[in-house]
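The following report describes selected features of the backbone and packing in the structure shown here. Local backbone geometry comes before the sheet, the helices and the overall form.

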Amino acid sequence: MIKRLIAGYKKFRRLDKPGRFLKVFPDDVFIVSYPKSGNTWTRFLIANLVYPEKHPDFSNINWLVPDPEGLSRRDLARLPRPRYLKSHAYFDHRYPKVIHIVRDPRDVVLSEYYFDIKREAIPEDFPKDKFVSRFVSGELNHPYGTWGENTATWYYARGNTSRLLLVTYESLQSDGPHQMARIAGFLGIHTTPEKIAYAIEQSSADRMRELEKKQGHLWSSTKRTRQDKPFVRAAKAGGWKKELSAASIEEIETKWGRIMQELGYELVSGNGGTGDSPVQAGTSEQYAGTR
Amino acid sequence: MMSGIYKHLKSAYKRARGLQKPGKSLEIYPDDIFLVSFPKSGNTWTRFLIANLRFPNEQATFDNINRLLPDTTATPKRVFESMPRPRIIKSHECFDPRYPRVINVVRDPRDVVVSQYKYHQKIRKIEVDSPIEKFVTRFLNGETCPHGSWGQNVATWLYTSEGSPRYLQLRYEDLIADTPRELEKVAKFLNLPTSPELLAQAVERSSADEMRKMEKQQDHGLYRNSRKDMTFVRAAGSGGWHKDLPMEQAARIESAWGGLMHHLGYELETIKPQEAPEYAAFGTATNIPR
């Protein structure tokens, strides 16, 4: 009852966090990605491109490029327009302009593994192979679907239209200036190579590590997590080649080989990219409807 | 301000009594089954068929359908909480990973657009003389309903779920062609007890004639302010677009979603399948930075 009253009061004052119920404005821009796909880095890159005078860091990034699950309805309604929002949501047809960040799922699972250790969702000695199996079958501790499902909803439903810009994490790593120019063009932002270089430098892994050291205990995504483990980790592509077992790689490629290939990720197990369906759905019983 | 407070109090009262429609905030149980489809794809008919199969002792009508096979946007929360499990729930949403098991009814978009065009005339959303070309434009842009475009809605389900044991895909056209056969697939998927008699009864109770009769007799809230000279249960057939949809308009639909249509077995008439956008419909490789 009391809980209900508090929720009612919050709703009335518009202090509740809207999440998927966000009121979307026609000039909104969404940065969508599956969790652990370089979303925070991209948030910094875009914040440094759009608001360099605000000196984006972990203390203000939640306001510069906010998450509808993290800010209240009232605060979201008061943001300067156009709003730049981040989201891990699967396809939402209401999002007017979308930058879709995609990362190789073999690296995503590793990143998720270390992040789950950091936030003590799994013990430090949790077997990686088992973690990969859970990741693939959809036993997840977030409501965003499997990597294949989440990626496929955006890629196939919106895909090649002028309202979605696909940027891979890997291309941001290897070809930052060019990708940032694409993003600026997509957003209709006048920019210069100098401004882009500045945004990239301000969002470099080294600088973000430094900021994390100073502010990590305060930032919403890291404050209640182990401080001896970094949030900004390797910040590299291809770590899976050394760290994943052949069986784990095969498991991922069997499940999502076709969409991985379409996205340009080379398969190595010789056992993927076949079958009628580009994505095989999550099969875990636990996954089914537990959230 | 006063009206704001009144609105809040009213919705708080509704919430306290469980009268609000849950919509996307519906609490989902692990044994729930969702009947999804893009609007105007035979959802209501399938809903009647399944309700009549699931509850053979109570004929589904326009009056009780929201209780037997509830709709997240039309049935109050407390009905959802008190109904027998497993619940079968109707929705028009795009892919939602929380749905444990899904039956998806798809229909030829050339028929869907005609059906939606006529339906919008019936519910007075558009004028009777509003040109169909204009409607097709809005249809292609996903502006005719709040569930994405036909291509988006269908693609989110197909590309995430096809082939999964938790997903059953039906075509409206197959349901028309052999209703008992398709309904038996549903029964199997739902683990419902079935016999030729039960199937026949469900089919009979959901026939287009029967549904037309019920539509006339029952003063259901669904279409209360709509035009009475046009019916909700319309042709109940497939391929009717040949009569109502000019070829140029069919061509626009085929060039937008031809790959997806071909994959679903809908014959293209204005382009060859290989000229249609990839089966991947929208996600062609040109968008990918290397």
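In this predicted model, E120(A) is found in the loop between α5 (105-118) and α6 (128-137) of chain A. Phi of E120(A) is near 55°, a positive value in a residue other than glycine. Most residues other than glycine have a negative phi, and most peptide bonds are trans. E120(A) counts as exposed, because 12 other C-beta atoms lie within 10 Å of its own, and a residue is classed as exposed if that count is 12 or fewer.

Chain B has a residue with positive phi in the loop between its helices α5 and α6, namely R124(B). Phi of R124(B) is near 65°, and the residue is not a glycine. R124(B) has 12 C-beta neighbours inside 10 Å and therefore counts as exposed. A glycine with positive phi is G265(B), which follows just after α13(B) and takes a value of about 90°.

The backbone also contains cis peptide bonds. In chain A, such a bond joins R81(A) and P82(A), with omega of about -10°; P82(A) lies in the loop between α4 (73-78) and β2 of chain A. In chain B, the bond from R85(B) to P86(B) is cis, with omega near -5°, and P86(B) has its place in the loop between α4 (77-82) and β2 (88-91) of that chain. The table collects these backbone angles.

| Residue or bond | Feature | Angle |
|---|---|---|
| E120(A) | positive phi | near 55° |
| R124(B) | positive phi | near 65° |
| G265(B) | positive phi | about 90° |
| R81(A) to P82(A) | cis peptide bond, omega | about -10° |
| R85(B) to P86(B) | cis peptide bond, omega | near -5° |

The sheet of chain A is considered next. Its 4 strands form an open sheet with parallel pairing, in the order β2-β1-β3-β4. Strands β2 (84-87) and β4 (164-168) of chain A stand at the edges; each has a single partner strand, so one side of each is left without a neighbour in the sheet. From one strand to the next, the twist averages 20°.

Strand β1 (residues 29-33) of chain A runs parallel to β2(A), and 4 bridges join the two. Across this pairing, V29(A) stands opposite Y84(A), and F30(A) stands opposite L85(A). Both faces of β2(A) are covered: Y84(A) and K86(A) are buried on one side, L85(A) and S87(A) on the other. Helix α9 (residues 176-187) of chain A lies across β1, β3 (97-102) and β4 of chain A, and runs at about 165° to β4(A).

Two helices, one from each chain, are described in detail. Helix α2 (residues 39-50) of chain A has 12 residues and reaches 16 Å from its first C-alpha to its last, close to the 16 Å expected at 1.5 Å a residue. Of the 12 residues of α2(A), 11 are buried, so the helix is largely enclosed by the rest of the structure. Among the buried residues are the polar N39(A), T40(A), T42(A), R43(A) and N48(A), together with F44(A), L45(A), I46(A), L49(A) and V50(A).

Helix α13 (residues 247-263) of chain B spans only 21 Å between its end C-alpha atoms, whereas a straight helix of 17 residues would span 24 Å at 1.5 Å a residue. A kink of about 85° is present in α13(B), centred on W257(B). W257(B) is itself buried, and the buried residues of α13(B) also include Q249(B), I253(B), E254(B), A256(B), G258(B), G259(B), L260(B), M261(B) and H262(B). The buried residues of this helix pack against α5 (109-122), α6 (132-140) and α7 (150-161) of chain B.

For chain B as a whole, the secondary structure comes to 13 helices and 4 strands. Its C-alpha trace spans about 60 × 55 × 50 Å along the principal axes. A compact globule of 290 residues would have a radius of gyration near 19 Å, and the 20 Å of chain B agrees with this. Buried residues account for 40% of the 290 residues in chain B. Of the contacts in chain B between residues at least 6 apart in sequence, 67% join residues at least 24 apart.

Note on methods:
Residues numbered from 1 in each chain as written. Chains lettered and ligands numbered in written order. Predicted model: local features only at pLDDT ≥ 70, side-chain atom pairs only at ≥ 80, totals over all residues. Rg over C-alpha atoms; globule rule 2.2 N^0.38 Å. Buried ≥ 20, exposed ≤ 12 C-beta atoms within 10 Å, placed from the backbone. Contact = placed C-beta atoms within 7 Å. Pairing = 2+ DSSP bridges. Axes fitted to C-alpha atoms, helices over the stretch in contact; angles between N-to-C directions. Expected span 1.5 Å × (residues − 1). Bend = angle between axes of the 7 residues up to and from the residue.
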